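Biologist: Before the terms in your description are accepted, I should like to hear the reasoning behind each of them. Please set every label against its criterion.

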Amino acid sequence: MIRPSTQEDVLLIGDANRQMQATLAAALPGVSITPVPSIFDGIAELANSEYTAVITALEGIQNRADSAIRALRDLGGSARLIVYGEPSLEPLSRRLLESG
């Protein structure tokens, strides 16, 4: 099992059914997870707090993914940014990765 060497503070965006939160908590006990329901809530949270990682669902932001991801990167500073979603969103995920 991977154990974080320093305190990890994770912002989890758009995990409507809490499956990702449960998975993270089980895999990495001791990690601080702050769940928020939407990308807008995530942007507001990043404007007020620092996180070591930001994990966001692609569902719900497909139409504005570029600007949403750009805002998360700008506000997140050195935080790792991880996106996840249904397999049908893989082309969007790859495009976002290529754009930086």
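Biologist: What makes you call strand β3 mostly covered?

Modeller: The model is a predicted one. In it, 5 of the 5 residues of β3 are buried, where buried means a relative accessible area under 20%. A53, I55 and A57 point to one side of β3, V54 and T56 point to the other, and all are buried.

Biologist: Why is T56 called buried?

Modeller: T56, in strand β3 (residues 53–57), has a relative accessible area of 1%. The cut-off is under 20%, so T56, at 1%, is buried. Beyond its neighbours within four places in sequence, T56 is in contact with I13, I39, I69, L72, L81, I82, V83 and Y84.

Biologist: Why does I55 count as buried?

Modeller: I55 also lies in β3. Its relative accessibility is 8%; as the limit is under 20%, I55 therefore counts as buried. Not counting residues up to four places away in sequence, I55 touches V10, L11, L12, I13, L24, I82 and Y84. The C-alpha atoms of I55 and I13 are separated by 6.1 Å, although these residues are 42 residues apart along the chain.

Biologist: How do you know that β1 and β3 pair?

Modeller: Pairing requires at least two bridges between the strands. There are 4 bridges between β1 and β3, in the parallel sense, so the criterion is met. Within this pairing, T56 is the bridge partner of I13, and V54 is the bridge partner of L11.

Biologist: What joins β3 to strand β4 (residues 80–84)?

Modeller: The two strands run parallel and are joined by 5 bridges, against a requirement of at least two; they therefore count as paired. One of the partnerships is that of A57 with Y84 in β4. Together with helix α3 (residues 65–76), β3 and β4 make a right-handed β-α-β unit. The term right-handed is used because, with the strands pointing away from the viewer, the path from the first strand over the helix to the second runs clockwise.

Biologist: Why is strand β1 described as largely enclosed by the rest of the structure?

Modeller: Of the 5 residues of β1 (residues 9–13), 4 are buried, and the strand is therefore largely enclosed. β1 also pairs with strand β2 (residues 32–36), in the parallel sense and over 5 bridges. L12 stands opposite P35 in β2. From β1 the chain crosses through helix α1 (residues 19–27) to β2, and this β-α-β crossover is right-handed.

Biologist: Why does R18 count as exposed, and what is notable about its phi?

Modeller: R18 lies in the loop between β1 and α1. Its relative accessibility is 52%, and exposed means over 50%, so R18 is exposed. R18 is not a glycine, yet has a positive phi of about 60°. Most residues other than glycine have a negative phi.

Biologist: Which residues line the largest pocket, and how do they divide by character?

Modeller: The lining consists of G14, D15, A16, N17, Q19, M20, A57, E59, Y84, G85 and E86. These divide into 4 nonpolar, 4 polar and 3 charged residues. The volume of the largest pocket is about 170 Å³. A57 and Y84, bridge partners between β3 and β4, are both among the lining residues.

Key: Residues are numbered from 1 along each chain as its sequence is written. This is a predicted model: local features need pLDDT of at least 70, side-chain atom pairs count only at pLDDT 80 or more; totals for chains, interfaces and linings use all residues. Side-chain values use heavy atoms; hydrogens and water are left out. Buried means under 20% relative accessible area, exposed over 50%, partly exposed in between (1.4 Å probe, protein chains only). Contact means heavy atoms within 4.5 Å. On a 1 Å grid over the protein atoms alone, a cavity is a set of points where a 1.4 Å probe fits but cannot get out, and a pocket is an open set with protein on both sides within 12 Å along at least five of seven lines; lining residues have an atom within 4 Å of a point. Grid points are joined across faces, edges and corners, and a volume is the space filled by probe spheres set on the points. Ala, Val, Leu, Ile, Met, Phe, Trp, Tyr, Cys and Pro count as nonpolar, Asp, Glu, Lys and Arg as charged, and the others, Gly among them, as polar.
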